[in-house]
Amino acid sequence: MKYAISAATGHFGQIAIRELLKEVSAEDIIAIVRNTDKAKKVLPEGITIRKGDYTDKASLVEALKNVNKLLFISSVPGGEVSREQQHQNVVEAAKEDGVEYVAYTSFAKADDAKSALSADHKATEKMLRESGMKYSFLRNAWYLENETSYLKAGANGEDAEYAAGDGKIGFALEREYAAGAAKVMILDNAKDIYEFAGKPVSYAELGQAVKKVTGKSFEFKSVSDEEYRNGLIKSGFEPAVADVFVGMQDMMRSGELDVESSDLPDVLGHAVTPLNDAIREILSR
Ligand SMILES: NC(=O)c1ccc[n+]([C@@H]2O[C@H](COP(=O)([O-])OP(=O)(O)OC[C@H]3O[C@@H](n4cnc5c(N)ncnc54)[C@H](OP(=O)(O)O)[C@@H]3O)[C@@H](O)[C@H]2O)c1
């Protein structure tokens, strides 16, 4: 059985490969990367490295030859070639090469999600459903690492603003989503859909947890979208980037990342790291 991991040089891919190596031998693991020099530096020895760029379908057709199972890590949005097109290249190449199963890192509750960030994931899930290949959608809620600037602000005793209101977010550490992905890859009868998330909390609850961990005084202040946007622009963000962040806060406020599911602990075989410990871990990096 040959296992491939695409976008393998990113944070998620590097962890997923280390976790997969605990389960299968290095000779059965193929890392598909756009930068082979980087891969040689950051990936473990003994695995196979193949060049495959999401913007170049021919390279993917070459890279996915004789692969049985693919962990398809979603690309980064905002490139010259749209993420949807990049993902279409991956799905088409996998199908052409006879890949049997694809586990795809998707978006929380993708069937109902309406945010801009969810659109490419919804489109990719549709492509995979229609491809005829077996699949699992690994719907990763939200990496706690995304909120590192809030955690650091609190740890420095500085206030921070959010516009997500009482919206709850199923934070977990990126390494736990990646470990979950590796576990799913070795299952014989993986489910079609995994809603991977930690216990959902609001920004106010996140702030309480940071206070408990750091012992510092500060406030995470709930503000309107407009106040939040103005604050971002004042601190140096371009208006277009500020708009993207406002969109994410709206996504959180509307509950898109509020996922109650035991899928992640069930797959990992243990509880997800408690929020306080996860905060401590990020702050100690
Ligand atoms: N749920 C969440 O909270 C959340 C948060 C952040 C990201 N994500 C998603 O999860 C994915 C993995 O996260 P991450 O932390 O590993 O991100 P990351 O560290 O930024 O890694 C992104 C990976 O995508 C690769 N990549 C980008 N463009 C590519 C292309 N054209 N062809 C092939 N590979 C390409 C990068 O290659 P290089 O190493 O060569 O740059 C890198 O390996 C992200 O790409 C994003 O879709 C989810």
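Visitor: Over how many bridges do strand S5 (residues 101-107) and strand S6 (residues 134-140) pair?
Guide: One heads-up: this is a predicted model, where local features need pLDDT of at least 70 and side-chain atom pairs pLDDT 80 or more, while totals for chains, interfaces and linings use all residues. Numbering runs from 1 along each chain as its sequence is written. Strands here are DSSP runs (E, at least two residues; helices are H or I, at least four), and two strands pair when DSSP finds at least two bridges between them. S5 and S6 run in the parallel sense, and their count is seven bridges.

Visitor: Which residue of S6 does Ala103 face?
Guide: Ala103 has a partner standing opposite in S6. That partner is Ser136.

Visitor: And which residue of S5 stands opposite Lys69?
Guide: S5 also pairs with S4, again in the parallel sense, this time over four bridges. Opposite Lys69 in S5 you'll find Tyr101.

Visitor: How many of the seven residues of S5 are buried?
Guide: Buried means that 20 or more other C-beta atoms, placed from the backbone, lie within 10 Å of the residue's own. S5 is largely enclosed by the rest of the structure, because the buried count among its seven residues is six.

Visitor: Which strands stand at the edges of the sheet?
Guide: The sheet is open, with seven strands in parallel pairing, ordered S3-S2-S1-S4-S5-S6-S10. Each edge strand has a single partner, so one side of each is left without a neighbour in the sheet. Those edges are strand S3 (48-51) and strand S10 (193-196).

Visitor: Switching to the ligand, which element gives the most to its shell?
Guide: A residue is near the ligand if its C-beta atom, placed from the backbone, lies within 6 Å of it. There are 23 residues around the ligand, and Thr9, Gly10, Phe12, Tyr54 and Ser74 come nearest. The elements giving two or more residues to the shell are helix H1 (11-20) and strand S7 (142-143). With three residues, the top contributor is H1.

Visitor: From which domains does the shell draw at least three residues each?
Guide: The domain bounds come from an automatic or database domain assignment. Taking those bounds, the shell draws at least three residues from each of domain 1 (3-140) and domain 2 (141-172 + 197-258 + 270-285).

Visitor: How far apart are the C-alpha centres of domain 1 and domain 2?
Guide: The domain assignment gives domain 1 as a single stretch, 3-140, and lists domain 2 as 141-172 + 197-258 + 270-285. Going from one C-alpha centre to the other, the separation is 28 Å.

Methods: Buried ≥ 20, exposed ≤ 12 C-beta atoms within 10 Å, placed from the backbone.
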